[in-house]
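Let's take a look around this protein together. Keep the sequence and the 3D view handy as you read.

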Amino acid sequence: MSKRAFSKLQCLHSGHENPLGLPRSNAPPTLPRAQRGLPTKRPIPSVRHTIAISSAKGGVGKSTIAANLALSFARQHHRTGLLDTDIFGPSIPTLFNLSSSSPRLNAQNQLLPLSNYGVKTMSMGNILADRQEDAPVVWRGLMVMKALQQLLHEVDWGGLDILILDLPPGTGDTQLTITQQIPLSGAVIVSTPQDLALKDALKGVSMFEKVGVRVLGMVQNMSIFKCPHCGEKTNVFGEEGVRKVCEDRKMEFLGDVELDRNICGDADRGIPTVVAEPESERARIFMEMARKVREILEL
């Protein structure tokens, strides 16, 4: 298979119809805008199940959960990929220690994923890997949505059992584009127990229900802080908020992740907890989450 790099400069100046700057020789035809209605859902080739990880609220640790969940699936012998759909604030390159790596192209001008720890990944952060780390992506909505469509349909995953989509916060254009462009096997909602975060998380639940996407369950993150000195436990963001919502709404409660500095430190080092501390209680919680999702999907 022929593999080659592509121009980052072309990516930045290629216009609304091709914001990633991919060569167009084998690209599918584009209908004139006047003829476009709602997009037809197209499954991602060679991907059996696609799962969205969402929070609707920023800062609740969704990307860290997505990364460790993907790694848990891989360790349970499933071919797994992780697509970072946050165009403006991609986190997956940092989490997988791939910040300085750039994808290549196959003979059909499709992006080839980058791999680490047994998981294939793709992210806007890798496509623009040669830019300064603090350089923003200053794009209008149309260009962002077209870039997202390219990430969904112009990546050669090479055969996956599970593809995890790490969604940005909110319930807007990105989420709607994804639910309209591809069939989803389900969505996992991440929230802290805090009422402020839960209100937004429930908006995410309602959004997926309205567009006909199954909510597989919820994850409660950063729930309890255990003092490393005396062992006392403190409910920093409230107590059992997500669990109670799941009980009230008859949803699956997938797991409870403590507020632990090791999880944060592992993420910042680019070695997620499931890899850094595979025998720890923290890693066991992520593995159990993956097992529950597999049971729901009958994998």
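Start with Asn-109, which counts as buried because its relative accessibility is 5%, and buried means under 20%. Keep in mind that you're looking at a predicted model. So where does Asn-109 sit along the chain? You'll find Asn-109 in the loop that runs between β3 (104–105) and β4 (111–112). Its backbone has a quirk too: phi of Asn-109 is near 65 degrees, a positive value in a residue that isn't glycine.

Now hop over to Met-222, a residue of strand β9 (residues 215–226). Here phi is near 55 degrees, again positive in a residue other than glycine. Is Met-222 buried or exposed? With a relative accessible area of 18%, Met-222 is buried.

Here are the two residues side by side:

| Residue | Phi | Relative accessible area |
|---|---|---|
| Asn-109 | near 65 degrees | 5% |
| Met-222 | near 55 degrees | 18% |

Next up, the nonpolar cores. How many residues does the largest one have? It has 46 residues, and the ones with the most contacts inside it are Leu-111, Trp-157, Phe-208 and Met-218. Plenty of elements chip in: β1 (47–54), α4 (124–127), α5 (141–153), β7 (160–166), β8 (186–191), α7 (195–210), β9 and α8 (241–249) each supply at least two residues of this core. Among the contributors, α5 gives the most, with 7 residues.

There's also a second core, separate from that one, made of 37 residues. Its members include Leu-95, Leu-98, Val-188 and Val-190, so try picking those out in the 3D view.

Terms used
Residues are numbered from 1 along each chain as its sequence is written. This is a predicted model: local features need pLDDT of at least 70, side-chain atom pairs count only at pLDDT 80 or more; totals for chains, interfaces and linings use all residues. Side-chain values use heavy atoms; hydrogens and water are left out. Helices (H or I, at least four residues) and strands (E, at least two) are DSSP runs, numbered from the N terminus. Buried means under 20% relative accessible area, exposed over 50%, partly exposed in between (1.4 Å probe, protein chains only). A nonpolar core is a set of buried Ala, Val, Leu, Ile, Met, Phe, Trp, Tyr and Cys residues joined through side-chain atoms within 4.5 Å.
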